[in-house]
Amino acid sequence: AAGMEFVFQNAGEGGGCGDSYENQHFCVKQNISPDVDIVHYSWTYFEGGNAHPQHEDLIRWTQMLPKQPPVHILNTGTLPADSHPYTQLAKYYPIYAFNAFYMRAGFNNGGHDYDTEKANGIDRFGWGYSGDGYHNVTRYGELEKDEARKTSLGVVMRNWHPGPMGFQLTSDAYTYVYTHALLKALDLIEKDMNDGNDPRETWAASERPLLLKDDLPEPKFCDPEYCVVDEVPGCLNYELPTFGNWGARVEDPDDGLNPYAGQPQNWEVWHDSPGLFNMVGKQDTAIFSKREDREICRHLDACGGISAQKASDGMVVFRLPKMEVGLVVICGCCGKKVGEELFVNNENIEISYNTVPIDRKEWDLWPNQKCVRVLKRFPTSGRMSETPTGHAYLGVKVLNDMDKMVRISHVITL
């Protein structure tokens, strides 16, 4: 419509790599394109209602992207109380189009009496239950001839993830909101044209005023040191898929600006190779394994990292991007608690910044136990604080052969 093209970038990843919203929200600029118009976030079933600092981080950081995309959060539950931090954020940032959709609240608002049904032993939000009380199958499922598949397409909640019926309600809700917004936008453009004005002078992206950190209100929950900033965090995320721009990058061992030039630098990039039906349920696997269109079952996500195990592998040198705070974090793969084993308690590696080893007593597990914060902010004195080439560098060196490979999945900077 109106010459527009719809592009959807799904950077969703499974939990097998050990990530959580706590580290992945730093990677919004790499996981998806920095030129997106809207950012969707749906990690709420693991948050326990306590991710308001990360939500606020994301709301504020996205306003520093070129198109200042609003953040829209999908929550599978019901609306929280007015006093809940999630509700407070929705009321605090509406001018930036922040919004949250509560899937179960959408079902409840249709008028079906789920509470009475549950008291009588019918829990439509129980794992694997088919039928939402209004329909028994999704619209596209009505055309399905395989009865097992048809029943599967009526499931509201697979487990903690929505099933087809839950996602149909969600997609309908978002489609309605965005269609309404597009129609309103077309009305505004038409009014400009009727008034003899060039709408490009009013609505072109180049005319959008840039926002700086001081243009946003004071934060309510996030750490001001990291969320009151003019730049979005940088991220080098080796996991797949990603669609945006890397932050840090591995420096060429022979580059004349590499301060570690001359030392062995033989770390290797690794990616997992999951099978066609990885993370696909048994029932759907049985059905689609016999179909010609089975390739649609393949998930794009895969764990990844840059790896080393032997002293002969030497080091990996990351050229860090322009930073505003000096925050540097590395994350390991694969597991939710690998940060301690791979980094904190691993005496066989050395981590240095601008050629100076960082005292491991200064490291801490942050923002979760997969990751280690090696620098909280810029050093203020000594060689560490000097960047004669205009770039800061992070080096990770293998000192001795190790029984277990070290894999770095992320380098996060700010």
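Reader: What makes β10 and β11 count as paired strands?

Author: In this predicted model, the two strands share two bridges and run in the antiparallel sense. Pairing requires at least two bridges between strands, so the requirement is met. Tyr353 of this pairing stands opposite Val356 in β11. Between the two strands of the hairpin lie two residues, and Asn354 there takes a positive phi near 55°.

Reader: Which other strand is joined to β10, and by how many bridges?

Author: Strand β14 (residues 392-398) is joined to β10 by five bridges, and the two run antiparallel. Here Tyr353 stands opposite Leu394. Tyr353 thus has a facing residue in β11, namely Val356, and another in β14, namely Leu394.

Reader: Why is β10 said to be largely enclosed by the rest of the structure?

Author: A residue is buried when its relative accessible area is under 20%. Four of the five residues of β10 (residues 349-353) are buried, so the strand is described as largely enclosed.

Reader: How do you know that Cys17 and Cys303 form a disulfide?

Author: Their sulfur atoms are 2.2 Å apart. The limit is 2.5 Å, so the pair qualifies. By this rule the count comes to five disulfides. The link of Cys17 and Cys303 has -105° about the S-S bond and is left-handed. Cys17 lies in the segment before α1 (21-24) and Cys303 in the loop between α11 (282-288) and β7 (304-308), so the bond ties together parts that are 286 residues apart in sequence.

Reader: Are Cys17 and Cys303 buried or exposed?

Author: Buried means under 20% relative accessible area. Cys17 has 5% and is therefore buried; Cys303, with 10%, is buried as well.

Reader: Why is the disulfide of Cys27 and Cys235 called right-handed?

Author: The torsion about its S-S bond is about 50°, so the disulfide is right-handed. The pair links distant parts of the chain, with Cys27 in the loop between α1 and α2 (28-31) and Cys235 in strand β4 (residues 234-237), 208 residues apart. The bond itself is recognised from the sulfur atoms, which are 2.0 Å apart. Against the 20% limit for burial, Cys27 has 0% and counts as buried, and Cys235 has 2% and is likewise buried.

Reader: What makes the link of Cys331 and Cys371 a disulfide?

Author: The S to S distance is 2.0 Å, and the limit is 2.5 Å. With 100° about the S-S bond, the link is right-handed. Cys331 sits in strand β9 (residues 328-332) and Cys371 in strand β13 (residues 371-375), 40 residues apart, and the pair links distant parts of the chain. Both cysteines are buried.

Reader: What is the pairing of the bonded cysteines in sequence order?

Author: Numbered along the protein chain, the bonded cysteines pair as 1-6, 2-5, 3-4, 7-10, 8-9. Cys297 is in no disulfide, for the nearest cysteine sulfur, that of Cys303, is 20 Å away. A disulfide requires sulfur atoms within 2.5 Å, so that distance excludes a bond. Cys297 has a relative accessible area of 12% and is buried.

Reader: How many aromatic pairs does the structure hold?

Author: The structure holds 13 aromatic pairs. One of them is Phe46 with Trp160, at 5.9 Å centre to centre and 50° between the planes, which is tilted. Phe46 lies in the loop between β1 (39-41) and α3 (52-62) and Trp160 in the loop between α7 (147-152) and α8 (164-194), so the contact ties together parts that are 114 residues apart in sequence. Trp160 has a relative accessible area of 35% and is partly exposed.

Trp127 and Trp160 form an edge-to-face pair, with centres 5.7 Å apart and 65° between the planes. The lower bound for edge-to-face is 60 degrees, so 65° satisfies it, whereas 50° for Phe46 and Trp160 gives a tilted pair.

Reader: Why does Trp127 count as exposed?

Author: Exposed means over 50% relative accessible area, and Trp127 has 60%, so the term applies.

Reader: What lies over the face of Trp270?

Author: Arg407 does, at 3.8 Å from the ring centre. The charged end of Lys220 sits over the ring of Tyr92, 4.9 Å from its centre. The distance limit for such a contact is 6 Å.

Technical notes:
Residues are numbered from 1 along each chain as its sequence is written. This is a predicted model: local features need pLDDT of at least 70, side-chain atom pairs count only at pLDDT 80 or more; totals for chains, interfaces and linings use all residues. Side-chain values use heavy atoms; hydrogens and water are left out. Buried means under 20% relative accessible area, exposed over 50%, partly exposed in between (1.4 Å probe, protein chains only). Rings of Phe, Tyr and Trp (its six-membered ring) pair if their centres lie within 6.5 Å; planes under 30 degrees apart count as stacked, over 60 as edge-to-face and the rest as tilted. A charge sits over a ring if NZ of Lys or CZ of Arg is within 6 Å of the ring centre and within 35 degrees of the ring normal.
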